[in-house]
Amino acid sequence: MTVKELANTELFSAVAMPHGEREINGVYIGDLLSWVMGRAEADNAWITIMSNNNILAVAALADTSCIILAEGVSLEDSIVKTAEEKGINILKSEKNAYEISVALSSML
Amino acid sequence: MKELSLNILDITENSVKAGAGLTEIKISETADTLTITITDNGSGMTDEVLKTVDDPFYTTRTTRKVGMGIPLLKLEAEQTGGNLEISSKHISNFPDNHGTVVKALFYKNHIDFTPLGDVVSTITTLIQGHPDTDFLFIHIKEDNEVSLDTRELREVLEGVPLNTYEVIKWIEENLKEQYENF
């Protein structure tokens, strides 16, 4: 499933989608950025509630296919702009990490 | 990171990479704050580099000289209501007194405060990995103090390398003993 296809489902909306064609091959959940940096795998969708600009660098380092902001967390405009510039996909959902991953498990 | 001691290790590695001959690691605590100050006499940073060190994206896209160390430490400090300050004097403008100071302030009672963790391991790891550079470690809390100065050890050891097994073991035991009365 691609990031764009996921963004078009009911549960999610796109915050930034410079590379909607990227495939999602799994899911990682975590908020401790240094931990996520070393453990999220390439092409994972990464679910987090963190909203500072460091998440962009972590997503780039781990090469995740997208960040999914859980529980309606929103980002500052400047962070969204940087994400577009740096090619980082970001989706958001009102659901919590558990509910999102349950939904994803039947979609992926 | 899971423990602030790992952040200290990370930031101090930057100091060593910057060619510091002496790096001072100071932790000072009051009833509700904890301040980590890392001061080195390394090559320092130009104003241009200094402006970008807390920009995680910039650092990951260039040579990663600084890495994620500063952005993460800053985040952890700010999460508790504290802050991070960096000042630096680059060797090109300050040939005689160059170096960098990183100072992070944490509010210990904030629910998102990261525990300090195993500082003794951090200090011994640093000395073991970099036996030819000097470290001054001080941890102050009210009237108590733990301290270790590798320059003093070097004088006593008369040429025995600091990363000799027995020396590292002694440093570890000495710090642990000091912490028992802390």
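## The order of elements

Follow chain B along its sequence and you meet the pattern α-β-β-α-α-α-β-β-α-β-β-α-α. That makes 7 helices and 6 strands in chain B. Both are DSSP runs numbered from the N terminus: helices are H or I with at least four residues, strands are E with at least two.

This is a predicted model, where local features need pLDDT of at least 70 and side-chain atom pairs count only at pLDDT 80 or more, while totals for chains, interfaces and linings use all residues. Residues are numbered from 1 along each chain as its sequence is written, and chains are lettered from A and ligands numbered from 1 in the order in which they are written.

## The sheet

In chain B, 6 strands build an open, mixed sheet, ordered β3-β4-β2-β1-β5-β6. Two strands pair if DSSP finds at least two bridges between them. The edges belong to β3 (83-89) and β6 (144-149) of chain B; each has a single partner strand, so one side of each lacks a neighbour in the sheet.

Now look at β1 (residues 22-29) and β2 (residues 33-40) of chain B: they run antiparallel and are joined by 7 bridges. One pair to find is B:Ile27 and its bridge partner in β2(B), B:Ile36.

## Overall shape

For 182 residues, a compact globule would have a radius of gyration near 16 Å, and chain B agrees, with 16 Å. This radius is taken over C-alpha atoms, and the globule rule is 2.2 Å times the number of residues to the power 0.38. The C-alpha trace of chain B spans about 40 × 40 × 25 Å along its principal axes.
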